[in-house]
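Here are a few short exercises to work through with the model open. Try each one yourself before reading its solution.

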Amino acid sequence: MSTTPDIAIIGGSGFYQLHSEPTVSSADKSRVQEIATPYADESIRLTQDELNEHGVYFIPRHGRGHEIPPHKINYRANIWALRQAGVNKILAVNAVGGIHPDMQAGSLVIPDQLIDYTWGREHSFFDGLDSLHDHVDFTFPYDAELRESLIQSASTVNLSVFPQACFGCTQGPRLETAAEIRKLKQDGCDVVGMTGMPEAVLARELGIAYAAITLVVNPGAGLSDEIITIEKIKNVLSAGLQDVRVLLAEAIKLLV
């Protein structure tokens, strides 16, 4: 395994370890790295592991027991730690609700745009002292090369993905109201989640290429007669994250 991987995977809800069932071999090859940052009292814990025989870093944004809600995640510390480790490409995984009628539970979606509805989060590494130099271009929030690698890899392993979508990022941790989902749909959002921002823009500020794989785990509020339950979401995650891992493994081959 390479001693200095330049690719990181950020795991979302349900995705707390790189391998679904770590083997003795994979456990032997993984190691933990603690990185201090200016943005947290405690060091950030990165796992250096191997995927498809290529070294990668892995970090679960919610913690290993989902103890960190979306609005409390220290996004700046996570992204800073990855950059300090030498990462220049991030593949992020997000559990989302489906707004577009074709994006049903279990769908894999590779977003190309986003709208940020969050508030009160630390959205930048910049403090305003550099004036205009603080303004990064964010016209296209996801890296085109990484997105194409994911789309091409999905075709190679015969996984169906939606190659374009607008990700609406809400504050959480509660789910949205039916009226809010109607507004997001009118705004042009295809999926809705709580962890797409400020993660994407922080990566951009540090010059890290960033793309996301979103797994639809439930219909948006009011778009189905069924009540959204955590049990139903967990069932979709259990099956869908297997496809996500297959897609990541294939994409890593194109990116190293």
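**Exercise 1.** Work out whether L202 is buried or exposed, and what surrounds it.

Step 1. L202 has a relative accessible area of 0%, so it counts as buried (buried is under 20% relative accessible area, exposed over 50%, partly exposed in between, with a 1.4 Å probe and protein chains only).

Step 2. Now place it: L202 sits in helix α5, residues 199-205 (helices are DSSP runs of H or I with at least four residues, strands runs of E with at least two, numbered from the N terminus).

Step 3. Leaving out residues up to four places away in sequence, L202 touches Y75, R76, I79, E122, H123, S124 and F125 (contact means heavy atoms within 4.5 Å).

Step 4. Take E122 from that list: 80 residues separate it from L202 in sequence, but C-alpha to C-alpha the two are 9.5 Å apart.

A word on the ground rules: this is a predicted model, where local features need pLDDT of at least 70 and side-chain atom pairs pLDDT 80 or more, while totals for chains, interfaces and linings use all residues. Residues are numbered from 1 along each chain as its sequence is written, and side-chain values use heavy atoms, without hydrogens and water.

**Exercise 2.** Which classes make up the lining of the largest pocket?

Step 1. Sort the lining residues: 16 are nonpolar, 10 polar and 3 charged (Ala, Val, Leu, Ile, Met, Phe, Trp, Tyr, Cys and Pro are nonpolar, Asp, Glu, Lys and Arg charged, the others, Gly among them, polar).

Step 2. Find the main contributor: α6 gives the largest share of this lining, 4 residues.
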